[in-house]
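Here are a few short exercises to work through with the model open beside you. Try each task before reading its solution.

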Amino acid sequence: MISAELQKAIDCLQLNDVYLHAFVARCEGEFDPKYADADSLAFQSKHFVKKSNVVESENKNNLLQVYIEMGARWVDEESQGDDLTVCAVIEAEYIAEYMMTEPLDQASIDTFSLNNASYHVWPYWRELLSAQCSRMHLPRVILPSVQLAQNREKCSE
């Protein structure tokens with residue numbers, strides 16, 4: 001069941017753009033993924049809605065910008081706790097931008113940002129991660145077709 005806040009946001013927002021705001025890809029230390037034992041690596045991921053902003057555009061229509069952080073890293077399975085050995089990292093921050101057809105209250109913006117914006121960003125992240133893994137000779141990663149942000153429950157608190 002969709003909440004009233006979420007339905008109002010869905011009705012008043014139109015996807016305008018999705019674009020990459022920041023990107024990092026690196027191997028740590030002496031790690032060389034081309035010659036490493038892929039079976040000794042554990043894959044970890046992150047997916048968080050960082051923030052949202054309402055900005056006024058030139059044509060006096062408001063835009064909602066939702067910043068979403070995505071990340072992947074490979075760690076040595078032998079390491080544990082604070083001694084975790086990170087071998088490689090790929091991280092990206094995307095902005096999903098929406099045209100607002102009418103003003104929205106903060107509850108609707110927050111609910112939409114935490115629950116729906118990821119649907120629009122996720123395909124771009126899947127493609128970027130897959131291509132970058134190939135370029136860096138990292139183990140192949142196939143992400144599910146849909147994933148919601150790990151911090152989406154915040155809207156219900």
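**Exercise 1: A salt-bridge network**

Glu-91 has a relative accessible area of 28%, which makes Glu-91 partly exposed. Keep in mind that this is a predicted model.

Task: Find which side chain meets Glu-91 in a salt bridge, then work out which residues salt bridges with shared partners join into one network.

Solution:
1. Start at Glu-91, whose side chain meets that of Lys-46 in a salt bridge of 3.5 Å, N to O. This pair links distant parts of the chain, with Glu-91 in strand E4 and Lys-46 in strand E2 (residues 41-56), 45 residues apart.
2. Move to Lys-50, which forms a salt bridge with Glu-69, the closest N and O atoms being 3.9 Å apart. Here strand E2 holds Lys-50 and strand E3 holds Glu-69, 19 residues apart.
3. Lys-50 also meets Glu-93 in a salt bridge (3.0 Å, N to O). Glu-93 lies in strand E4, 43 residues from Lys-50 in strand E2.
4. Put the pieces together: shared partners join Lys-46, Lys-50, Glu-69, Glu-91 and Glu-93 into one network.

**Exercise 2: Buried or exposed?**

Task: Decide whether Glu-93 is buried or exposed, and do the same for Glu-78.

Solution:
1. Glu-93 has a relative accessible area of 8%; buried means under 20%, so Glu-93 is buried.
2. Glu-78 reaches 68% relative accessibility and the cut-off for exposed is over 50%, so Glu-78 is exposed.
3. Now place Glu-78: this residue lies in the loop between strand E3 (62-76) and strand E4 (86-100). There, Glu-78 gathers with Asp-37, Asp-39 and Glu-77 in a patch of negative charge on the surface.

Key: Residues numbered from 1 in each chain as written. Predicted model: local features only at pLDDT ≥ 70, side-chain atom pairs only at ≥ 80, totals over all residues. Heavy atoms only, no water. Patch = residues over 30% accessible without salt bridge, like charges linked within 9 Å, V, L, I, M, F, W, Y side chains within 5 Å. Areas by Shrake-Rupley, 256 points an atom, 1.4 Å probe, with all protein chains shown as cover. Salt bridge = Lys/Arg side-chain N within 4 Å of Asp/Glu carboxyl O. Lys, Arg positive; Asp, Glu negative; His and termini not counted. Charge placed at Lys NZ, Arg CZ, Asp CG, Glu CD. Helix = DSSP H or I, 4+ residues; strand = E, 2+ residues; numbered from the N terminus. Buried < 20%, exposed > 50% of the residue type's maximum accessible area, 1.4 Å probe, protein only.
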